[in-house]
Number of protein chains: 2
Amino acid sequence: MNTGLGARLAPDTRHPARARASIDARLLRRLLIGMGDPPVEFRLWNGERVAPAAGAPVASVAIADRATLFALLRDPQLRFGDGYTTGQLRIEGDLVQLMLAIYRSGTVAGDGGFVSGRLAGWMHRPRRNSFSGSRDNIHHHYDLGNDFYRLWLGETMAYTCAYYPTAAATLDEAQVAKMDHVCRKLRLRAGETVVEAGCGWGGLALHMARRYGARVRAFNISREQLEYARAQAQRSGLEHLVEFVEDDYRNITGRYDVFASVGMLEHVGRENYAELGRIARDCLAEHGRGLIHSIGRNRPEPLHPWIERRIFPGAYAPSLSEMMQIFEPWELSVLDVENIRLHYALTLRHWLERYESVTDRIAAMFDDNFVRMWRLYLAGSIAAFETGALQLFQVVFTARDNNDLPLTRRFLYPNES
Amino acid sequence: MNTGLGARLAPDTRHPARARASIDARLLRRLLIGMGDPPVEFRLWNGERVAPAAGAPVASVAIADRATLFALLRDPQLRFGDGYTTGQLRIEGDLVQLMLAIYRSGTVAGDGGFVSGRLAGWMHRPRRNSFSGSRDNIHHHYDLGNDFYRLWLGETMAYTCAYYPTAAATLDEAQVAKMDHVCRKLRLRAGETVVEAGCGWGGLALHMARRYGARVRAFNISREQLEYARAQAQRSGLEHLVEFVEDDYRNITGRYDVFASVGMLEHVGRENYAELGRIARDCLAEHGRGLIHSIGRNRPEPLHPWIERRIFPGAYAPSLSEMMQIFEPWELSVLDVENIRLHYALTLRHWLERYESVTDRIAAMFDDNFVRMWRLYLAGSIAAFETGALQLFQVVFTARDNNDLPLTRRFLYPNES
């Protein structure tokens, strides 16, 4: 009788003609079992195949050499992405399906994934978000060049989760709908003042001015993004309403009717949450409203180490209990939390589709390794949001003593024209 | 020059004819300054008046004797309510306005209120919610007699925050609207199964069966409530759809499409939150949804000690970070949080109005002390919700891997007929 782990390391007796599995294959098999045995086939450099115990593989991964395998065995979370980036791991089949299979198996494996995640989090401690650390971290990602992002982000240049009134909405429609959803949640009115912490390419700030008649001060520490945003303000004749400030959110001063931060919290660092909340409290005028939109988690857990290392240095996706450390020290009152994670899966699918259509131009800008690295980041993020490994929280808050509140949230859902 | 505390303890030099304040008056004055100097006038047993430093008093409090004053000085949070209950403190003017003034001054006093709350929390440690402790705690409040609650809760006998589609809704309309709001949030469909943890007099369980065709198992440890609920089920011909179980929520077994708990969490005790979450996770079928509706706080803070002692033994109102301890250990995914605290102020105003109209009957059931105690509880709760000292959170959650989710919350707001 062959049962359990031993059986899986033994040769496949259903195919007596097949050679006994090599030590390489058996080590890989053991790793895969620890990962919940995803339905993925691996091929070693010598042609040897390592198949899942059950089910048809959704994709196949070719490992170029023993060094790549051993790197994978040592640190799979980091080295899978690195191997794919360099081409030492080649994937045949649908990358998104592969990533979904890996994420789903990890969930089934249960706390195994959690524990290894914890371990990885310790091994790969996120970089600190001091003032200069934040500049370095933000520069790493957002200053890759406006030309790069323009190729696949769409008209709005919004690089955060969109909001799909229906799944059939286009990316641009959903990004504009997101801006309106945010403005409605904030009950933004003409003539009101807004401070935005982290403004990307300025799309929301300009939308607030153009569509709502708001006066906006928008902070960002990415110089390339700000240059683009200022040019857009000039082109749109909105310079008198929108001021783009190249500075850290920690230097926000003044009082405003609205505080908005969409997709910046991921870069703030948990050690700065209370400070962010203090800033939000101090800058809100009487009856002021705030909104923080961020990638999150169902429970405290470090970001995937490959993402934190290669894509978003210093980033962290908080659970709601962690996000509450922004608000609770200052008695800010949380009015509304909406989890729109499936919208991020849709957004990322749109981004990946556009990205794939311009990989030749991206390869010319950077190189093939870069093309693969970013493809994996987009595909892996689709899988993370579709499997619930990541969440997307929008939190609306106000001062404790603000009673100027609508009774219901019906105003968020005006009748369609 | 007289400034600061010393000046306030000195005689009022604007009224040279007035006698120098007694030591009693000066001690009381010091207490009131520590409370943020609410706009309330106090009268001592000898006719001496202690007025706020500024502003017209909204109400006047007469202190019967020195023993009452000294009790108040020693433990104002507990003894104010006790003195009002026994009649040793008599209030002239609007009780709700008085309580609003006290709550608002406490907020202005800032951390003073927080620190003294903490201290009081330590002095008056909440009673434990072990199995037998819960029975005693629940019996204390909910088994006062169905006849008592029937006098003022309205048709639905719902004893939790209602939901006012408009501020003009009646209490009964708002209670039914609350049940529908909860059922919509849970996306309850005909033929689905529900387990309810803490069902009061059974109103929601019967509503789910009657209006949605659901099959409900509803748990409660208050015998009087269950007797009433069973009689209602029989009267409505819903016995085949609703089973009322006299048992602790910790003994819930089975799997259901929906887990609902409205107004029970306040009695669960923080030490049992993770256990409650485990039960919710274990009992949810694939694609199952859960909702927990609870009084809450903007930050962790003990319940007002008089309320915890005299009205709700063992009760606690959690902050959102504390509520997340229900969900995060089990990776339950929070989909939606709505804060409807102003609805509880409206609900309580309706309850108090009805209560005042039947105090003669309540005095005949209990006594005058009871009438006053419960009046203060209702009036104080109005003030707590109107000033943001208390919140009301509805949290919707599901399993991590449930993707059977609507994209938007528009379905919660169907067009009015």
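This passage describes a sheet in chain A, the contact between chains A and B, and the surroundings of one loop residue. The model is predicted, so that local features need pLDDT of at least 70 and side-chain atom pairs count only at pLDDT 80 or more, whereas totals for chains, interfaces and linings use all residues. Residues are numbered from 1 along each chain as its sequence is written, and chains are lettered from A and ligands numbered from 1 in the order in which they are written.

In chain A, four strands (DSSP runs of E, at least two residues, numbered from the N terminus) form an open sheet of mixed pairing in the order S2-S1-S3-S4, two strands being paired if DSSP finds at least two bridges between them. Strand S2 (49–50) and strand S4 (89–93) of chain A are the edge strands, each pairing on one side only. Strand S3 (residues 59–63) of chain A runs antiparallel to S4(A) and is joined to it by five bridges, with Arg90(A) as the bridge partner of Ala62(A).

The contact between the chains (C-beta atoms, placed from the backbone, within 7 Å) takes 38 residues from chain B and 38 residues from chain A. On the side of chain B that touches chain A, S10(B) gives the most, with seven residues. Three bridges join strand S10 (residues 333–339) of chain A to S10(B) in an antiparallel arrangement, in which Glu338(A) stands opposite Asp336(B).

Ser357(A) lies in the loop between helix H15 (341–356) and helix H16 (359–365) of chain A, helices being DSSP runs of H or I of at least four residues. Ser357(A) is exposed (12 or fewer other C-beta atoms within 10 Å, placed from the backbone), because 11 such atoms lie within 10 Å.

Notes: A residue is buried if 20 or more other C-beta atoms lie within 10 Å of its own, exposed if 12 or fewer, and partly exposed in between; C-beta atoms are placed from the backbone. Two residues are in contact if their C-beta atoms, placed from the backbone, lie within 7 Å.
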